[in-house]
Structure formats: C-alpha cells, structure tokens
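Let us take a walk through this structure together, one set of contacts at a time. Please keep the sequence and the 3D view at hand as you read.

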Amino acid sequence: MATINKDELKKNIEVYLRTLYRKEPAEATKQQMFQSVSFAIKEYIVDDWYQSHKLVEQKDAKTVYYMSMEFLMGRALGNILINMKADKVVAEVLDEYGLDLNTIEDEEPDAALGNGGLGRLAACFLDSLATLGYPAIGCGIRYKYGMFKQKIENGFQVEEPDNWLKYGNPFEIRDQDNAKLIKFGGYVRMVKNEQGRECFVQEGCQSVLAVPYDLPVVGYNNHFVNTLRIWDAEAVNSFQLDSFDKGDYHKAVEQENLAKTICEVLYPNDNHYSGKELRLKQQYFFVSASVQLAVAQYMEKHDDIHKLYEKVCFQMNDTHPSVTVAELMRVLMDDYFLSWDEAWYITTKTVAYTNHTIMAEALEKWPLELFSRLLPRIYQIVEEINRRFIHEIQLTYPGDYKMIEKMAIVYDGQVCMANLAIVGGFSVNGVARLHTEILKNQSLKEFAQYFPDKFNNKTNGITQRRFLLHGNPLLADWITSKFGDGWITDLKQIDKLSMFVDDEKYQHEFMNIKYQNKLRLAQYIKEHNGVDVDPHSIFDVQVKRLHEYKRQLLNIMHVMYLYNQLKANPDMDFVPRTFIFGAKASAGYRRAKAIIKLISSVGDVVNNDPHIKGKLKVIFIENYRVSNAEIIFAAADVSEQISTASKEASGTGNMKFMLNGAITIGTMDGANVEMAEEVGKENMVIFGLSADEVINYENNGGYNPKEIYNTDLDIQHVMIQMINGFYSPQNTELFRELYNSLLESNGYDRADQFFILKDFRSYADAQKRIEELYRDEKKWARMAMLNTAKVGKFSSDRTIEEYVDDIWHLTSVTK
C-alpha cells in the first residue's frame, strides 16, 4: 500500500460523492460522506488485500478457518484507519470540508454480526492474526438484522430489528463465483460411482445458495489483509415465473423466502420448535459453505486431498460450529470419494474445538428427530461416529454404562454437539486456566481422562489497538509520548508505566485523562438518558451480556441497599456513586429481562429523589455495543466482574477495563484469577465464594438462602421492596419471579442457584473497601496505573501466538 496522498484521497472522495450520490462535498450528508470516504479508503485496502492473498499462495502457507456464529466487529472505518496509520490524513481531509472524523465515524452502524464476548473475542483474534501476519479466514453469517437493536421503553427491553445494512456496507465484496449449494431435508440414497464404489446422494431436499461476502481485516502497519467471510443465503431459483403466471404468488417466491429466513437474525428465539430448527439450519448453512469452499480452494493448488490437514485447520469457536466434524467427513467421502478411515484420519487432524462455557445450556443438544430430518446425511455420519466411539468406550470401560451416558454423541434422543466436537477434534481448549481445570476435573472429566493429550488452555485476550489506541486516544497518546509506541504491537511494553506509579506528576496526568473520559461519558449519558451524572463520582460499571450467573441482580440489590442507607441518613459520609449498567437479554430469557426492568425501576426512583442530594445515580445504557463500549471502558473507575465463581469461562470485558485503568471488584472466577496474579490481589478488590466452595455446595448441598433472608434484615428489606410495590407501584408482582428465584427451588433450579444472598455481605464489604480506596487519591491513582501497566499478558496477540504454537502451527508470511 502506497502512502496515502492527501490530495489524491480528497479527489477520490469527491469522485465517489458524484458517482454514488451526484453531490459535491458541500451538499453531501454525513452518511454520504462516510460512504464515500470508506469507498476511497477501500481502494488502498484492495491492493494490499490482493497482494496478501498472492503472498499466502506463493508461500503455500497453512490457513486457519475460524468458524464462529458471531463476529462482534464494531465499526470498521475507525479501526481500519488506525491499522493503516491513515487516521490523521483522513482527519485533515475532512477538516478541510469542515467535518470531524469522529462525527463521520459515528455515521457507521456497528456491524450486527455478534452479541457477546464470544463474538468480540473472534473479532480480536482476527485483528491479531492479521497484525501478526498469519493467514486466516473468519467464517460466519451475514445477518441482516443481527440479534436485535435494544430499546428501553418504560424500563422494559424492547427488541427491534438492527437494520445495519440499510445503506449498504462499503467494505464488503460479494463473491458470486464461490457460491455453494446447501441441502436440507429429503432422503439419502446409496449409489455406485464410476469406479464402482458405494457413495451417498441426498435427494428430495430443499436447497439454498450460500453466497460469500468478504470483508477486509487489516493488520496493523504491515500491509497484510486477511478476510472475514460472511455467508448470505439466496434462492437457487429466486423466482418461478410459471407459478406466478398461474396466480400462485406464494409458490413463485417460496425458495426466496426460505433463503431469507436463514440469515435474518442472530440467535432466533429457540423456545419453540421452529426456532430450534432455524438455529440448526443456520449452523449447518455457514459450516457447510465454509468447509466446501476451503476444501475446493485447497484442491485448486494441491493434488493430494490426504494432506489437507497440512494446509488447513478449522477452529470451532464453541459448540455452534461443531457440525464441522461431520460436514468435513461428508465432503471427503461424498465429494472426494475417500473411505471412512481415510476421511476420519484427515478430519481428526484438521478440526479443533474451543469450549467457552461450563453452562449446560450452551453445550448444545439437538432433538434426534429434528437433526435427522433436517440433516439426513449428516445424521448418518454422526450416528456412525457415535457407534464406533461407543465401541471404543466399551472396550476401555467394559460394562460401565455410565461412561457411555456421559460420553456418547447420540444418547437419550439427543445429539450432543460438544461431544461430537471433542471426539472429532484433535485439540480441546478452555479459555482461562481456571475454566480449563474445571472442564478437565468436572464438566468434561470423562473426556479429559480418555483424551488427556487433547486438552489445553488458551487464556483469552483483547486487542489493544481497538480498546486503547482507538477507544481511548487520550491515554494512548500519553503512553506513547512517555514510552514510545512499541506497546501497540507488543503490549508487554506497557509495563514501563509501572516504574512511575508513585510519581505524583504521572499520577495527576493519568487521573486527569480518566476525568476527561468521564466527562465524555457523562455527556453521552446526558444525550441518551437525559440524566446528569457527576464526573467526580465513582463510575462503577457493569456492562456485559445479561445472564443470571453474571449477577447483575447482586449489583442492583446492593444499589438498593445503599439507597436505603442514604434514605435513612441523607447526611451520612458517602462518596458519590454512579452505577452504570449495559446489557442485552436474549429475547426469550424472561428472568434476565426482569432484571433489566428492575435496574431501570431502581434508577427511576433513585435518580429522582432530591433527599439523597445526587449522591447516588443509576444508569442503564441502551443498546450496549462495541462503539459505546469504547467510551465506557475509558471512563470507568470500577469494573464489576462479579460472576458466581466457576461460571465465567474467562471474560474479556475485565481485560478491557484493566487496560483502561479501572480497578476490578470481582470474584476469583475466569481470567480474574490470572489478572490478580499479574497486578497483585492488593490492586483488585476480591470477594465471595471460591470456585471450589461453589462446586462443593452444588454437589453436596448445605446452603439454604432462607437462613440469610431470615437473619439479615438489610437483605430482607431489599428483597421485600421487590414485591411490595416500592419500585413497581403499578404492579407489585412485577419482580415476584426474581424474589422467588432467590428463596425457592422450582424443580429445575435450586433456590438462589447463583449464590447472590450468600455473597451479598462479602460484596457489600468489598464495595466499602472501594469507597475507602477512592478517598485516598494517591493510592487509587497508583492502583489504576498498575492495572494498565500489568495488562500485557492479556493481549490477543499473545493468545494467538499460543494457538499458533500449540494448535494451528501456522507460519507468518510477513516475517
């Protein structure tokens, strides 16, 4: 990529304005300017993109295909400009038009391709792979509306379509030539091919066309560009004219409607049968398309299918893409006519699996009837993998049917996708050391005993280029001015800051940057929530997917407890606090949505009570996403990482807060454990049960939340306020389910299954400790600076190098 010439860039922008919109710069809307700038920048990217592809071909380098249902990429333009080191020249050009780069970046919607940490991790990994020069293709779905755009109306979450493609995506390239046919349903027939070998064909099926849209993933300052390939579904024959002419208008567009449904939304509600069917269709759709194309492109350059694993690796990001195992078997046997043993040998050296959770609900299991009907050929293959594996189990553990129950892929009318991934993959990794140990010793204990060499740990990481260089430019510039810019590609260099954590001048400068970022977030809150917050107050933040184990309920109950104290004594010595929440709850997750309503209702009461003199504020940030996350991370004083110990696989939000100088209040769960090792427990505020204690209660009992309820009057008061109309005067029963969940077993869940009441007092004491620390400005500044200084381990660059060394065995083409 040549250095971007300002005059040339300006000319190209104006050409696109005229070509696309028939406008001059002075007439263009901000959206039109965003589009034109993006298309102009894309011209520079495409040259490097093409050369990167040719370089990989020339070196015959191995490629990892990162298979993920989610890629939470955020906005593209800003990140691309940072990685191209073109942000300043673009800002200068826009300034000449009287426009601000940040304003133009705000015209870009976040790509609605993901929701939570799983998808954001995938995005960080792609950034690191490109920056390190490793060939990689991210494989996913081009969702038209994402999961949903969250609106908060009267305190309730309302889901609206996230129409992020309304104006098109200027960076994507449609690749019709590499479209693939995907088959659902029908039946399987055995035939003999020309060589007389038995093979299988799927007939009487519904088919859709998977069309790839490629997006560039630009490495930092290295002219290397990888690809995010997202698949859209189209009808094989989009319009049947004969049906239309006969007046059967529905029949005329039947195939098109089938195709549209597949890519409409991320994670359709699966509380009903049709939702489950759609989810399974989505998973097979993008997996089949990705595997077919990967194998075909390998064979274009190689003549021996048996060596596929030397040049291709499929990394399954959680259980959603687990059908990769069976689909690769199908392609090898049905399209390339390999025997079962040949195909199995290749598959089990090509496919690897990352487990992201110990929660049983996420270890997907499909009803046998649905799976076999929708994917008949794939089911045959899964059934045969299962038959052979059960035979192995019986030989190893004769007469031990418990082992079959735990490890079988097909059992009790269900297809267990995590088991398929483990049996068919050559590597199984957890995403934090504690998580991996729990997998090996608890959740997947039998598999770890049977396949000890498969299991390994790869602690998650984040890209500092997105979450510091782009998200917190004030701090990034300050660090660079003091210590150079080496940290941008080697985050461990940020540890140079630790030598100056006791320097008062450095402390003042560091905390002034934090204050400026708090002003920025306070302005955002005023614009979007209509609430004034005090930037001198403690910004205590919990932003993450809404799930009961993440314990947003514990957080808001503690806010209710503080409010009760302030109401009783408005003049008490109290450091002002602003509690900031952001989270989406799955559309069908009733209890999680009730927690959002409770947070909103508490905010309505607290924020409008003059008697507490503004000492306490509660803010729920609507439609939490990557673009507003960057503003939030930079401004946070306190990072809430309060999941029930043993439940959070890793967490990556904890690392983003740490990078930006927030102090963690948290349990010893997920990556918090390793963060404490890096920065020192004394520079975090730890509370609550340990993972071992939680697991012991779960396995052996001994915890009765009613004992706490009946003896701790403060907790009892908070809980009664949930059901006496204090926060819901129009409907006293609004939060009854939350109240009951803490005290009663319902046949499925234990009472207080996430130990909220058990950890409440420990959490309240930890919050008192936060207040004490914040009063000591020098100590707080020292702790905040140390958190930033000691974050080096948690770069996704380090994580990727570990995957490369231990699992993928890639070679960088830029070194």
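What follows looks at charged pairs, then aromatic rings, and then the empty spaces. Keep in mind that this is a predicted model.

Let us begin with the charged side chains. There are 58 salt bridges in the structure, and a few of them make good stops on the way. One of them brings together the side chains of R189 and E203, with 2.7 Å from N to O. These two partners come from distant parts of the chain: R189 sits in strand β7 (residues 187–192) and E203 in strand β8 (residues 198–203), 14 residues apart. R189 is partly exposed because its relative accessible area is 38%, a value that falls between the 20% limit for buried and the 50% limit for exposed. E203 is partly exposed too, with a relative accessible area of 24%.

Another salt bridge spans a long stretch of sequence. The side chains of R551 and D759 meet at 2.9 Å, N to O. R551 belongs to the loop between β18 (538–543) and α23 (552–568), while D759 is part of helix α32 (residues 756–775), and the two are 208 residues apart. Are these partners buried or exposed? Both R551 and D759 are buried.

Helix α32 also holds a salt bridge within itself. R769 and E772 are both in this helix, three residues apart, which is about one turn. The closest N and O atoms of R769 and E772 are 3.9 Å apart. R769 has a relative accessible area of 36% and is partly exposed, and E772, at 47% relative accessibility, is partly exposed as well. Elsewhere, salt bridges with shared partners join E548, R590, R591, E737 and D749 into one network. Two of these names, E548 and R591, will come back when we reach the cavities.

Now turn to the aromatic rings. A pair of aromatic rings is described by the distance of the centres and the angle of the planes. The whole structure contains 29 aromatic pairs. In one of them, the rings of F389 and Y450 have centres 5.6 Å apart and planes at 90°, so this pair is edge-to-face. F389 is in helix α15 (residues 376–396) and Y450 in helix α19 (residues 445–450), so the contact ties together parts that are 61 residues apart in sequence. Both rings belong to buried residues, F389 and Y450. Y774 and W780 make another edge-to-face pair, with 5.0 Å between the centres and 80° between the planes. Y774 and W780 are both buried.

F389 and Y450 also have aromatic company: together with Y397, F447 and F451 they form one aromatic cluster. A charge meets this group at F451, where the charged end of K454 sits over the ring, 3.9 Å from its centre. A similar arrangement involves K482, whose charged end sits over the ring of Y506 at 4.8 Å from the centre.

Finally, let us look at the spaces. Rolling a probe the size of a water molecule over the atoms shows where empty space is left. The second largest pocket has a volume of about 1,200 Å³. Its lining counts 38 residues, and N102, E105, H470, P473 and R520 are the ones nearest its centre. Which element gives the most to this lining? It is α22, with seven residues. By class, the lining of this pocket has twelve nonpolar, twelve polar and 14 charged residues.

The structure also holds six cavities of 30 Å³ or more. The largest cavity has a volume of about 430 Å³, and among its 30 lining residues M73, G74, R75, A76 and E108 are the closest to its centre. Strand β9 provides the largest share of this lining, four residues. The lining of the largest cavity is made of 17 nonpolar, eight polar and five charged residues.

The second largest cavity has a volume of about 110 Å³. Among the residues that line it are E548 and R591, along with L553, I595 and F754. Helices α24 (590–606) and α31 (736–743) are the elements that give two or more residues to this lining. By class, the lining of the second largest cavity has five nonpolar, two polar and four charged residues. E548 and R591 thus appear in this lining and also in the salt-bridge network described above.

Methods:
Residues numbered from 1 in each chain as written. Predicted model: local features only at pLDDT ≥ 70, side-chain atom pairs only at ≥ 80, totals over all residues. Heavy atoms only, no water. Salt bridge = Lys/Arg side-chain N within 4 Å of Asp/Glu carboxyl O. Buried < 20%, exposed > 50% of the residue type's maximum accessible area, 1.4 Å probe, protein only. Phe/Tyr/Trp six-rings, centres within 6.5 Å; stacked < 30°, edge-to-face > 60°. Lys NZ or Arg CZ within 6 Å of the ring centre and 35° of its normal. 1 Å grid on protein atoms, 1.4 Å probe; cavity = no way out; pocket = protein on both sides within 12 Å on 5 of 7 lines; lining within 4 Å. Points joined across faces, edges and corners; volume = space filled by probe spheres on them. Nonpolar A, V, L, I, M, F, W, Y, C, P; charged D, E, K, R; others polar.
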